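Biologist: I should like to go through this model with you, one question at a time. Please set out the reasoning before each final value or name.

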Amino acid sequence: MTQNLSIQNITAHYGSTKVLENLSLEIAEGELVSLLGASGCGKTTTLRLVAGFLEPTSGTIELGGKDLTRLPAHQRNIGLVFQNYALFPHLSVAENVAFGLKQRGISGDAKTKRVTAMLERVGLDHLATRLPGALSGGQKQRVALARALVIEPPLLMFDEPLSNLDAKLRVDMRVEIRKLQQANGTTSVYVTHDQEEAFSISDRVAIMHAGRVMQLDTPEVLYQRPANAFVARFVGFENLIPMSVTARDGAIVTAQMTGGAKLTLSQDDFGPIPDSFILACRADGLAVTDTAGTDGIPTMLGLRTYLGRAYQYQCETAAGPLIANGPLTRPLETGATAKLVPVPEQCTILAPEPAA
Amino acid sequence: MKRFAGWSLASPATLAVVIFLVLPVVATIITTFLTPAGPLAPYIGFFGSGFRRTVLWRTIQVSLITTVIALFIGFITAYVVSRSPGWLKSILIIAAVFPLLTGVVVRSFAWMIILGKNGILNGMLVGTGIIGEPMTMLYTQGAVIVAMVYLFVPLMVLTLVGVLESIPDDLIQASASLGAKPMATFTQVILPLAVPGLIVGAVLVFTGSFTAYATPQLLGGESQMVMGTLMYQQAMVTFDWVSASTIAAIMVVITIAIVLLMTRMAKRLNPMAV
Amino acid sequence: MTTKLHPALIAFTALVFVFLIGPLIIVVGAALSDTTYLTFPPQGLSLRWFENIFAISAFRRTILTSLQIAFLSTFIALLIGIPAAYALNRYRIQLPGWLSTLFVLPILVPELVLGFSLLKNVAVQFNAPIYLSLVVGHSLLVLPYVVRVISASLASFDFSIEEAAISLGSPPLKTFFTILLPNVRSGVIAAFILSFITSINDVSISIFLTGPGISTLPIQILAHMEQFFDPTVASVSVLLMALTVAVMAIVERTLGLTFLAK
């Protein structure tokens, strides 16, 4: 039933504006892939192309080896869950769920049975006769989910399905969506701008920017080993420090940053280090210390804020401002001098950004 | 304090409506029950007259036919307009607004030129040899209905374009994604969601036709008398004000009854309002 | 634009628009005809029927009267309608529900009935001058448009802006003129135009209230048509259409044509 989705070299325009450029994406059978990015990155466009609401300028879209690119939306057999639910307000919950079955000529007992079973699965069998207007946001989203699932589509697509729900419900619903998706093993595309949501629910995540996929990988890899500066910033590496190697001694590399400060880094911690690179560190990846004689980036501390688990400092360095965290046990005053020491587990090495 | 501010701002308009609309109209209706011949005599007189019953029935008939035709034409047109690309949509809407802002007299007059004995339509039909002699088209029920439809289609189109545009695109896409063919989406999603708008449009057209004066006067004349023209004749030609008041009362009651009935129906059928 | 329109639907709609605009083009053509009878397409082009309008004193007079009545009644309706619309929106909770229904009544009550009732129970009863009766009748006719249109634009007005102005020291009346009115400007313009056009074109009320010596243009057109069926009426109609075009141009200039779509 479930099938793989293959998007090849898609370019798309809105009028004369190019919104997707040569985008390719392979999604395996039964896999849930999120498209993650800020608004305007092309994630929703990608979904609408696959759904058939837009036509690409060039490229192909295949589902289970069958070319969908020019097929009308109503012949594609893709389950869609919309951001604002898109429930038919004039039809009851059961009629909404039955809508797709009716279009497929399924009626009578077969229809009733499937609708009832589906409503039971999403826990709404007691609301079958209600109109959508009488439901809460979470219930509406469940109906939308049931309506998309009941037609047993080979592909399910979600367009920011949880963004109209409150925080607590969002977490519950995403667990529920993941459970249902895994139970059915349906190939799924999930569009969201919420990083936590994407990482928690997906097998793999495609981080998108300006109509391109910047990196497609498992959440773990994206979080720990971003492939480029854009993804690094996106997943929370606040500090990106350009450096160049001045000396190598076995695994130990000495590198210098703008302003002259030097760091020694071990290739055992970071993997191979090229001559020119970017050291990407989360705030936790730069430890603030005032212990004399430590090897680190000299800094003057600026504003201190309390994070609960640590103090965060705005730091002035010769290489520009950096953000670093220090221990709660030793609060340091604004204006004090200190050193910033990289913590390898919270840092990663990136290739230098190509000159813009 | 706030209550006082609200009342004082609203009072000039309120007084104007009460003094110059509510009281005079109520007075008109009340006088029909206070005739020397007995409280219901004017109504017995009205419904006892074959001629007047015919006029009432003709008015209802003309209004109903006009409403049905305007609904049909208006809905299809509004559907196409609402799905047109932006620039074309603006042009079409202007093309619908223009006749609406042009007066009833001008618009009815246009049809007199078209439908007259020596009018354009007869000229074309005789010229092309479809008919030998010019037909009598003016002063028939057909002429009144055509001109009334002409009068009310723009109103219907504009009302329904608003309604159709308020149906979210998402619903139509959801319908397609669930496998509904365009025709199924139209009949199962768009049409049911447009029902409240259709009812509003029907009320506007029916009450407008039912109480029309200029159009039936110009295109129907004496031979196609309707409630409006009959009332004018009674009031200003024969000066039988009791009879005119009776007709006025019947018009008010029927208009209000239709409006109340239909708005109640629209409310019940409006799923968005739940 | 996810569903393509069926060609038959497009053809049907094209015919509907021919049906809507065609008759008005015919009127323009008839007005330009050189003949003494109404005909289309025009035979020989001439503006003599436009000159004829102004040669007939009844037309000259009624055009003036219609313009005066339209301006006066629109002005009165705005004067009493704007505060009423404001009160209905601002003090919705404090005012009874039937009050807003009251302002819909002039639409519910057939215009003919209103016209006749004003004649019978006000004009004749109190021996009111014709001109005054017309102004009263037309003001009532257009009042609901004013209240509805202004209410619609007030519905999206955030009254806390007004409170902000008052808290900054602006007196209430000044706040009304400097804060509120500029924000409902488009509503006021729309209300003005709708009212003006409605008044200029009115037949059903005026037919009862006009009298010897004082008439409005549409009533004069009806009277003229009873005696002559010549192109004069067509050229007066063209004048009225020109007025409509002018009004739409004003709307376009001030509010943009998309406003008409609402």
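Biologist: In what order do the elements of chain C run from the N terminus on?
Modeller: This is a predicted model. Chain C has 13 helices and 0 strands. From the N terminus on, its elements therefore run, with helices and strands taken as DSSP runs, as α-α-α-α-α-α-α-α-α-α-α-α-α.

Biologist: What percentage of the residues in chain C is buried?
Modeller: The C-alpha trace of chain C spans about 70 × 65 × 30 Å along its principal axes. A residue counts as buried if 20 or more other C-beta atoms lie within 10 Å of its own. Of the 262 residues in chain C, the buried ones make up 44%.

Biologist: Is strand β7 of chain A largely enclosed or not, and how many of its 5 residues are buried?
Modeller: On one side of β7(A), A:Leu155, A:Met157 and A:Asp159 are buried, and on the other so are A:Leu156 and A:Phe158. Both faces are thus covered. Strand β7(A), residues 155-159, is largely enclosed by the rest of the structure because the number of its residues that are buried is 5 of the 5.

Biologist: Which residue of β7(A) is the bridge partner of A:Gly79?
Modeller: Strand β6 of chain A, residues 78-81, pairs with β7(A) in the parallel sense over 4 bridges. In β7(A), the partner of A:Gly79 is A:Leu156.

Biologist: Which residue in β8(A) stands opposite A:Asp159?
Modeller: β7(A) and strand β8 of chain A, residues 187-192, run parallel and are joined by 5 bridges. With helix α5 of chain A, residues 167-184, these strands make a right-handed β-α-β unit. Opposite A:Asp159 stands A:Val191.

Technical notes: Residues numbered from 1 in each chain as written. Chains lettered and ligands numbered in written order. Predicted model: local features only at pLDDT ≥ 70, side-chain atom pairs only at ≥ 80, totals over all residues. Helix = DSSP H or I, 4+ residues; strand = E, 2+ residues; numbered from the N terminus. Buried ≥ 20, exposed ≤ 12 C-beta atoms within 10 Å, placed from the backbone. Pairing = 2+ DSSP bridges. Right-handed = clockwise from strand over helix to strand, strands pointing away.
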